[in-house]
Amino acid sequence: MDSEALTAEGEADLAYNVFARDCPSRTTLEHITGRWGALTLGALHDSSFRFNELRRRVDGVSEKMLSQTLHALERDGLVRRDAQPTNPPRVDYRLTPLGQQVAEHLLSLIRFVEARQDDVAAAQERYDSLGGR
C-alpha cells in the first residue's frame with residue numbers, strides 16, 4: 001500500500017491520520033513517545049545493549065516495563081532482538097534502520113528539551129507563583 005499520494009492541489013494525502021481515533025499510527029506513536037519508549041529508543045541510538053545494560057542505561061525503568069517496551073518496539077519494527085545460542089544465552093537489543101531514523105528525531109527533541117529546561121522551570125515557577133489556574 002502506498003502510504004502517501006498527492007492530492008489535486010499537490011499536497012500530501014497520507015494513508016494514516018494519527019488524529020483519527022481508530023488509526024493504527026496512534027498506537028505506534030504512543031509506543032515511541034511514551035516515557036519508556038522514547039528513553040529506550042534514545043539509549044539504543046548509538047549502541048546495542050543487553051537487557052540489564054539497557055535497564056541500567058534507562059535509569060528508573062522496571063524490568064517488567066522495559067520488557068513490555070522492548071516487545072512493543074520490536075513488534076513495531078523499531079528494535080531488533082538478537083539471541084545468541086551461547087551458554088548462558090546472550091540477547092542483545094539494537095535499533096533497526098527504521099528505529100534509527102525514529103531515534104534521531106527523538107534525540108533532536110530530547111536535546112531541545114534539555115537545552116530549554118531552564119525556560120520550562122521559569123515558566124513553571126511563574127505559573128505556581130500565580131496559584132496555578
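In this predicted model, the largest nonpolar core comprises 22 residues, and those with the most contacts inside it are Leu41, Leu44, Leu54, Leu70, Val79 and Tyr93. At least two residues of this core come from each of helix H2 (35–44), helix H3 (51–57), helix H4 (63–75), strand S5 (90–95) and helix H5 (97–115). Among the contributors, H2 gives the most to the core, with five residues.

The place of H2 in the structure was examined further. Eight of the ten residues of H2 are buried, that is, under 20% relative accessible area, so H2 is largely enclosed by the rest of the structure. The buried residues of this helix are Trp36, Gly37, Ala38, Thr40, Leu41, Gly42, Ala43 and Leu44. Leu41, which is one of the residues with the most contacts inside the core, touches Ile32, Leu73, Leu78, Val79, Leu95, Val102, Ala103 and Leu106 when residues up to four places away in sequence are not counted.

The chain as a whole contains six helices and five strands, and read from the N terminus its elements follow the order β-β-α-α-β-α-α-β-β-α-α. The radius of gyration of the chain is 19 Å, whereas the globule rule gives 14 Å for 133 residues, so the chain is more spread out than a compact globule. Along the principal axes, the C-alpha trace spans about 60 × 50 × 25 Å. Of the contacts between residues at least 6 apart in sequence, 37% join residues that are at least 24 apart.

With regard to the surface, buried residues account for 26% of the 133 residues in the chain. The area that the chain exposes is about 9,900 Å², of which carbon and sulfur atoms supply 50%. The chain carries 17 positive and 21 negative charges, and the mean positions of these two sets lie 8 Å apart.

A further feature concerns the backbone between two of the strands. Asn87 and Pro88 are joined by a cis peptide bond, for which omega is about 0°, and Pro88 is found in the loop between strand S4 (79–84) and S5. Strand S5, on one side of this loop, is also among the elements that supply at least two residues of the largest nonpolar core, while Val79, a residue within the range of S4, is one of those with the most contacts inside that core and is touched by Leu41 of H2.

Notes. Residues numbered from 1 in each chain as written. Predicted model: local features only at pLDDT ≥ 70, side-chain atom pairs only at ≥ 80, totals over all residues. Heavy atoms only, no water. Helix = DSSP H or I, 4+ residues; strand = E, 2+ residues; numbered from the N terminus. Rg over C-alpha atoms; globule rule 2.2 N^0.38 Å. Buried < 20%, exposed > 50% of the residue type's maximum accessible area, 1.4 Å probe, protein only. Contact = heavy atoms within 4.5 Å. Areas by Shrake-Rupley, 256 points an atom, 1.4 Å probe, with all protein chains shown as cover. Lys, Arg positive; Asp, Glu negative; His and termini not counted. Charge placed at Lys NZ, Arg CZ, Asp CG, Glu CD. Core = buried A, V, L, I, M, F, W, Y, C linked by side-chain atoms within 4.5 Å.
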